[in-house]
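Take a walk through this fold, from the whole chain to the ligand shell and then to two helix pairs.

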Amino acid sequence: MAIEDPLVTLESDKATMDVPAPFAGRVAQLRVKLGDRVSEGSVLLTLSENSASPPEQRDDTPESGASVGVVDEAPPTAPDSGYDAQVVVIGAGIGGYSAAFRAADLGLNTVLIERYDRLGGVCLNVGCIPSKALLHAARVIAEAEEMGAHGVSFGRPKVDVDALREWKQSVVDKLTGGLEVLARQRKVEVVRGTARMTGPHTLEAGDRTISFEHCVIAAGSSSASLPFLPEDQRIFDSTGALELHEVPKRLLVIGGGIIGLELATVYDALGSRVTVVELLEQLIPGCDPDLIRPLQERISGRYEAIHVGTEVGSVKELKSGLKVELSSGDNQTFDGILVAVGRRPNGHAVDAAAAGVEVDAAGFIAVDRELRTNVPWIHAIGDVVGGPMLAHKAAHEGRRGGGGDRRLPGAGFDARTVPSVAFTDPEIAWMGLTETAAREQGLEFEKGAFPGRPRGGRSASGATRASQSSCSSPARGDCWARGSSVSTPAI
Ligand SMILES: Cc1cc2nc3c(=O)[nH]c(=O)nc-3n(C[C@H](O)[C@H](O)[C@H](O)COP(=O)(O)OP(=O)(O)OC[C@H]3O[C@@H](n4cnc5c(N)ncnc54)[C@H](O)[C@@H]3O)c2cc1C
């Protein structure tokens, strides 16, 4: 193979990446096999310039870490069921491709259907990955600014929005590109088109009709919208915000949840004067109030305004801006509005009812502990089944072997302990039973709190904001594993 040709593809919870050949040569010995777990330092293969011998396989299983896809690995077995596919997965987001890859690795003939050109769904294309790339840029800008108070000044940042967008897109492209390779290696057939179920064992996608033995619905979610907002290119959702067309001088963020506040962090660093409006009485509703305090303190000093318990009444399009009326009676004009009012499950986007699958009015598909819908051979995973709408939850559900057939998603997934993180500045993280939830459920609980301020390492790394760690645990019963929440400003 030539220099830079992909040798192996590494796959982690959220990303896939080709490892290129450092020089032209032949693979002399293969030290891993498809699906092996590896960690930093694991030897994957030996490459030699002159070896004519065919690759050897080694059977031992390396330590935990990323898993590996090896070029030209053996295909899964052919179907024996009489259906076109043993498994059809609808949606190639992180939940869907994880389920499809696992099914194929375990020998099932698998078809993966995606309506968009790019695989990877929301997380890789318009969610976690691009937002974290831009948040990294925001963090660098903030840290450079903060050092000004300690004797090191860099001057005002000059932001080239086009170059920043290109870099963000290159990060996304690198991660999504690897998925096509992984699908090919596993002989997962990728079908492009919008899937519509037509019966309990059939669906249509594009010009194809496909019959299946099992189906996994992984159709994900879309940004929720506010019906009264006018159609105006100055009004955008998280996908539009990540396209980074321009940096509005005055930006209104409607919705003080994680997505709204992460993108507010980005636009604030890039120079927007940010106002946040949240309908409920607290930012990041559901998170414990004491964990939010350090964030609230920082952004109260930086943002133009933060309105909680406030509703947007109306928005009028003017040439000079977007005139917004708030329920507090305040009228303000903005140059851009980011609508981040939650996510809507895509349950109705696949005509699941035609297969007998129950979808509720909101678009959620109910599943049991083994991730089966009311139709036993049809599973559903990821955002479309509800619970925390998070990428690692979707991926984990996709990979769990369970139910009657351990090659399909399932096996009693318990979403109570899924960690949540807001990559704001400072960051906030929590998992398990929060104090807020314990109160709502009327549980007796004990709470421990640790103020982060005195920690030496944090002080030395320039973290000047107060932090708070707390643990709420039921007064009787298990403690830390079920409920701990920590705020982590710039550790
Ligand atoms: C801005 C933003 C930032 C985020 N940051 C984080 C983060 O930092 N950490 C985290 O854990 N989570 C984050 N999330 C949430 C995360 O992106 C989702 O939880 C995750 O993408 C859900 O994966 P999924 O596979 O269930 O669905 P999706 O990623 O939504 O994928 C579903 C796929 O199904 C396809 N599809 C739908 N209907 C059909 C059909 N009828 N036919 C064919 N294809 C169809 C869609 O096109 C899509 O590709 C973020 C989300 C956003 C919007």
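**From chain to helix contacts**

Residues 24 or more positions apart account for 66% of the contacts in the chain with a separation of 6 or more. Two residues are in contact if their C-beta atoms, placed from the backbone, lie within 7 Å. This is a predicted model: local features need pLDDT of at least 70, side-chain atom pairs count only at pLDDT 80 or more, and totals for chains, interfaces and linings use all residues. Numbering starts from 1 along each chain as its sequence is written.

The chain has 10 helices and 28 strands. Both are DSSP runs, numbered from the N terminus: helices are H or I with at least four residues, strands are E with at least two. Of the 491 residues, 42% count as buried, that is, with 20 or more other C-beta atoms within 10 Å of their own C-beta atom, placed from the backbone.

Now turn to the ligand. It is surrounded by 35 residues, where a residue is near if its C-beta atom, placed from the backbone, lies within 6 Å. The closest are Gly91, Gly93, Gly121, Gly220 and Gly382. Five elements each supply at least two shell residues: α1 (94-105), β8 (110-114), α2 (121-126), α3 (128-147) and α8 (391-399). By class, the shell has 18 nonpolar, 14 polar and three charged residues. Here Ala, Val, Leu, Ile, Met, Phe, Trp, Tyr, Cys and Pro count as nonpolar, Asp, Glu, Lys and Arg as charged, and the others, Gly among them, as polar.

Two of these shell helices also meet each other. The axes of α1 and α8 come within 7 Å and cross at roughly 20 degrees. Axes are lines fitted to C-alpha atoms over the stretch in contact, with angles from 0 to 180 degrees between N-to-C directions. That makes α1 roughly parallel to α8, a term for angles under 35 degrees. On the α1 side, Ile94, Gly95, Gly96, Ser98, Ala99 and Arg102 make the contact; α8 brings Ala391, Ala394, Ala395, Glu397, Gly398 and Arg399. Five of the contact residues are nonpolar, four polar and three charged.

The second pair is α3 with α4 (residues 161-185), packed at about 140 degrees with axes 9 Å apart. The two helices are therefore oblique to each other, meaning outside the ranges under 35, over 145 and 65 to 115 degrees. Ile129, Pro130, Ala133, Leu134 and Ala137 of α3 meet Leu164, Lys168, Val171, Val172 and Leu175 of α4. This contact has nine nonpolar residues, no polar ones and one charged.

Technical notes:
Buried ≥ 20, exposed ≤ 12 C-beta atoms within 10 Å, placed from the backbone.
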